[in-house]
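Here are a few exercises to work through with the model open on your screen. Try each task before you read its solution.

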Amino acid sequence: MNKEDITQDQTQTDVNEEVTETEEVVVEEVESATEETLTEEQQRISELETKLEEASQKNLRLQADYDNFRRRTREEQAASLKYKSQSLLEQLLPALDNFERALKTEATNDQTKTLIQGMEMVYRQLADALKQEGLTEIPSVGQMFDPNLHQAVMQVEDSETESNTVIEELQKGYMLKDRVIRPAMVKVNA
């Protein structure tokens with residue numbers, strides 16, 4: 001081998017080493033760029049997954065709110081229908097009381113008896129119509145006093161009756177289905 005060949009071989013080796021080093025640098029840069037791209041893409045994917053999860057949770061909350069709104073609306077409508085006649089019944093109760101007072105009068109002649117019979121028929125029709133709407137009387141006399149159902153206007157002492165018992169009903173109380181629309185005015189034993 002001559003000197004020229006050795007120099008050429010040396011030069012070739014140096015070039016090969018430089019090429020190899022350059023290739024390694026390029027490969028490292030490509031790998032680095034690929035890793036950065038993957039890392040950026042993974043971050044983007046992670047961000048999108050987070051946004052999707054947030055949107056999904058928001059959608060679930062909105063759906064739950066909507067379901068609750070529909071349920072409340074249905075309940076309010078049912079309550080409204082259930083007690084739709086309350087104001088009318090409250091206005092008719094004084095007329096019902098007046099009918100009852102009028103029917104307690106004594107008939108002195110045939111004409112008065114006939115009038116009272118007619119009033120009784122009208123009273124029964126009115127009472128039946130009110131019952132069909134859900135109006136019921138609150139039981140009072142002989143019952144234990146209940147402040148939710150009774151309004152005590154007098155208190156007496158009677159040794160023959162238990163304490164806190166209703167002795168006399170001064171005005172009838174009424175309920176519409178399960179709601180008190182007028183408590184009974186009562187006299188209670190002390």
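**Exercise 1. Find which residues line the largest pocket, then sort them by character.**

Keep in mind that you're looking at a predicted model.

Step 1: Pick out the lining. Its residues are Asp 97, Glu 100, Arg 101, Lys 104, Glu 169, Leu 170, Gln 171 and Lys 172.

Step 2: Sort them. Six are charged, one is polar and one is nonpolar.

Step 3: Ask where they come from. Helix α2 (86-103) and strand β3 each give the lining at least two residues.

Step 4: Add the volume, which is about 200 Å³ for this pocket.

**Exercise 2. Work out which strands β6 pairs with, and in which direction each pair runs.**

Step 1: Start with β2 (residues 150-156). Six bridges tie β2 to β6, and the two run parallel. For a spot to check on screen, look at Val 156, which sits opposite Asn 189 of β6.

Step 2: Move to β3 (residues 166-171). Here there are four bridges to β6, and this pair is antiparallel. Glu 168 has Lys 187 in β6 as its bridge partner.

Step 3: Put the two together: β6 has a parallel pairing with β2 and an antiparallel one with β3.

**Exercise 3. Decide why β6 can be called largely enclosed.**

Step 1: Set the cut-off: a residue is buried if its relative accessible area is under 20%.

Step 2: Count along residues 184-189. Five of the six residues of β6 are buried, so the rest of the structure largely encloses this strand.

Step 3: Set that against the whole protein, where buried residues make up 17% of the 190 residues.

**Exercise 4. Is Ser 85 buried or exposed, and what does it touch?**

Step 1: Locate Ser 85 in the loop between α1 (3-82) and α2.

Step 2: Read off its relative accessible area, 9%. Ser 85 is therefore buried, as 9% falls under the 20% cut-off.

Step 3: List its contacts. Leaving out residues up to four places away in sequence, Ser 85 touches Glu 133 and Leu 176.

**Exercise 5. Sketch the overall layout of the protein, from elements to surface.**

Step 1: Count the elements: three helices and six strands.

Step 2: Write them in order from the N terminus, α-α-α-β-β-β-β-β-β.

Step 3: Look at contact range. Of the contacts with a separation of 6 or more, 62% join residues 24 or more positions apart.

Step 4: Finish with the surface. The accessible surface is about 14,600 Å², and carbon and sulfur atoms account for 51% of that.

Note on methods: Residues are numbered from 1 along each chain as its sequence is written. This is a predicted model: local features need pLDDT of at least 70, side-chain atom pairs count only at pLDDT 80 or more; totals for chains, interfaces and linings use all residues. Side-chain values use heavy atoms; hydrogens and water are left out. Buried means under 20% relative accessible area, exposed over 50%, partly exposed in between (1.4 Å probe, protein chains only). Contact means heavy atoms within 4.5 Å. Accessible areas come from the Shrake-Rupley method with a 1.4 Å probe; for residues, only the protein chains shown count as cover. Two strands pair if DSSP finds at least two bridges between them. On a 1 Å grid over the protein atoms alone, a cavity is a set of points where a 1.4 Å probe fits but cannot get out, and a pocket is an open set with protein on both sides within 12 Å along at least five of seven lines; lining residues have an atom within 4 Å of a point. Grid points are joined across faces, edges and corners, and a volume is the space filled by probe spheres set on the points. Ala, Val, Leu, Ile, Met, Phe, Trp, Tyr, Cys and Pro count as nonpolar, Asp, Glu, Lys and Arg as charged, and the others, Gly among them, as polar.
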